[in-house]
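Visitor: I am new to this structure and should be grateful for a close look at a single part of it. Would you please take one helix and describe what surrounds it?

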Amino acid sequence: MDSNFYVMVYRLTGYISLLCFKGYGKLSSGVKVEWNNRGFSTFHALIVAFVSLYLLLLSDEFDEKSHGDLIINRTSTLSDTLLGFSLGYFLSDLAMILWLFPALGGLEYVLHHGLSMSSILLSLISGQARIYILMVLFSESTTPFVNLRWYLDVAGQKNSKLYTYNGVALFLGWLVARIFLFIYFFAHMFSHFDQVKKIFPFGFYNLLVVPPVLAIMNVFWFWKIVRGLLKTLSKARHKH
């Protein structure tokens with residue numbers, strides 16, 4: 001997808017923020033860059049989460065009874081478009097992270113984006129393992145909650161009810177989309193391993209290595225989310 005599109009979304013975030021949030025104009029240039037970048041990532045997360053959910057659950061693309069071909073070989077124009085869109089986002093975001101390193105994220109973000117891009121690219125080129133890529137992309141549905149938490153912190157709203165409610169939503173969303181979903185992911189891989197073995201060699205080994213690494217990162221971040229939520233709830237109780 002044209003890089004101008006991503007630049008447009010990034011700049012649009014700044015224009016909307018200037019209109020809707022009075023304090024935006026007073027933010028430092030560095031904070032504005034991260035503010036706009038998080039708006040960009042929220043836009044990407046919402047698109048990929050909704051489309052992935054549609055392809056996985058609402059369409060018949062991966063319904064085992066509706067097609068004769070192997071589930072690991074199923075693709076569509078919509079899933080191709082989604083992966084291309086997501087690849088463009090990760091590439092653009094990684095470029096910003098590296099350009100401003102470490103302001104927008106440390107090495108764990110570089111690792112996350114690198115692994116995500118390699119898996120998406122392999123699936124786009126080969127047309128295989130699309131169902132597993134979409135499952136992982138759906139886990140991006142937690143990103144808007146992460147970004148809202150940061151926005152509220154910058155806006156001085158850490159003691160607000162919205163910050164607490166968002167923390168609870170982030171905890172539940174992460175538990176479902178990045179813990180339980182990955183358990184289902186590995187269970188599905190195991191039960192369809194006769195098909196998984198037919199993925200081309202590099203794609204096969206990529207599928208065996210990348211998801212476990214992402215799962216470990218998700219568990220680590222979940223531990224941090226739980227600690228943060230407990231701290232927020234403890235403060236809320238002491239206020240009353």
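Guide: What follows is an account of helix α5 and of the spaces and contacts around it.

The model is a predicted one. Helix α5 covers residues 130-138. Of its 9 residues, 8 are buried, so helix α5 is largely enclosed by the rest of the structure. The buried residues are Arg-130, Ile-131, Tyr-132, Ile-133, Leu-134, Met-135, Val-136 and Leu-137. An α-helix has 3.6 residues a turn, so residues three or four places apart point the same way. With that in mind, one may turn to the spaces that helix α5 helps to line.

The largest cavity comes first. Its volume is about 280 Å³, and helix α5 is among the elements that give two or more residues to its lining, together with α4, α7 and α9. The lining comprises 28 residues, and those nearest the centre of the cavity are Ser-119, Ile-120, Ile-133, Val-136 and Val-210. Two of these names, Ile-133 and Val-136, also appear among the buried residues of α5. By class, the lining of the largest cavity divides into 16 nonpolar, 10 polar and 2 charged residues.

An open space also borders on helix α5. This is the second largest pocket, with a volume of about 250 Å³. Helices α2, α5 and α7 each supply at least two residues of its lining. The pocket is lined by 13 residues; nearest its centre lie Leu-56, Leu-57, Ile-131, Met-135 and Tyr-184. Ile-131 and Met-135 belong to the buried residues of α5. Sorted by class, the lining of this pocket has 10 nonpolar residues, 2 polar and 1 charged.

Leu-57, one of the residues nearest the centre of this pocket, leads on to the surface. There Leu-57 forms part of a nonpolar patch of about 510 Å², along with Leu-53, Tyr-54, Leu-58 and Leu-78. Helix α2, which spans residues 29-58, gives the most to that patch, with 4 residues. One member of the patch, Leu-53, lies in helix α2 and counts as partly exposed because its relative accessibility is 32%.

Next come the charged contacts. The structure holds 4 salt bridges, and one of them involves helix α5. In that bridge the side chains of Asp-80 and Arg-130 meet, with 2.7 Å from N to O. The pair joins distant parts of the chain, as Asp-80 is in helix α3 and Arg-130 in helix α5, 50 residues apart. The partners differ in their exposure: Asp-80 is partly exposed, at a relative accessible area of 32%, whereas Arg-130 is buried, at 0%.

A second bridge involves the loop between α5 and α6. Here the side chains of Arg-178 and Glu-140 meet, with 3.7 Å from N to O. This pair too links distant parts of the chain, since Arg-178 is in helix α7 and Glu-140 is in the loop between α5 and α6, 38 residues apart. Both partners are buried: Arg-178 has a relative accessible area of 6%, and Glu-140 has one of 7%.

For contrast, a further salt bridge joins Asp-69 and Arg-74, the closest N and O atoms being 3.7 Å apart. Asp-69 counts as partly exposed, at 38% relative accessibility, while Arg-74 is buried, with a relative accessible area of 4%.

Two other spaces complete the setting. The count of cavities of 30 Å³ or more comes to 2, and the second largest has a volume of about 60 Å³. Helices α7 and α9 each supply at least two residues of the lining of that cavity, which includes Arg-149 and Leu-170. Both of these residues are also among those closest to the centre of the largest pocket. That pocket holds about 1200 Å³ of space, and the largest share of its lining, 9 residues, comes from α9. Its lining divides into 14 nonpolar, 13 polar and 14 charged residues.

To return to the part in question, helix α5 is largely enclosed, with 8 of its 9 residues buried. Helix α5 helps to line the largest cavity and the second largest pocket, and through Arg-130 it is joined by a salt bridge to Asp-80.

Conventions: Residues numbered from 1 in each chain as written. Predicted model: local features only at pLDDT ≥ 70, side-chain atom pairs only at ≥ 80, totals over all residues. Heavy atoms only, no water. Patch = residues over 30% accessible without salt bridge, like charges linked within 9 Å, V, L, I, M, F, W, Y side chains within 5 Å. Areas by Shrake-Rupley, 256 points an atom, 1.4 Å probe, with all protein chains shown as cover. Buried < 20%, exposed > 50% of the residue type's maximum accessible area, 1.4 Å probe, protein only. 1 Å grid on protein atoms, 1.4 Å probe; cavity = no way out; pocket = protein on both sides within 12 Å on 5 of 7 lines; lining within 4 Å. Points joined across faces, edges and corners; volume = space filled by probe spheres on them. Nonpolar A, V, L, I, M, F, W, Y, C, P; charged D, E, K, R; others polar.
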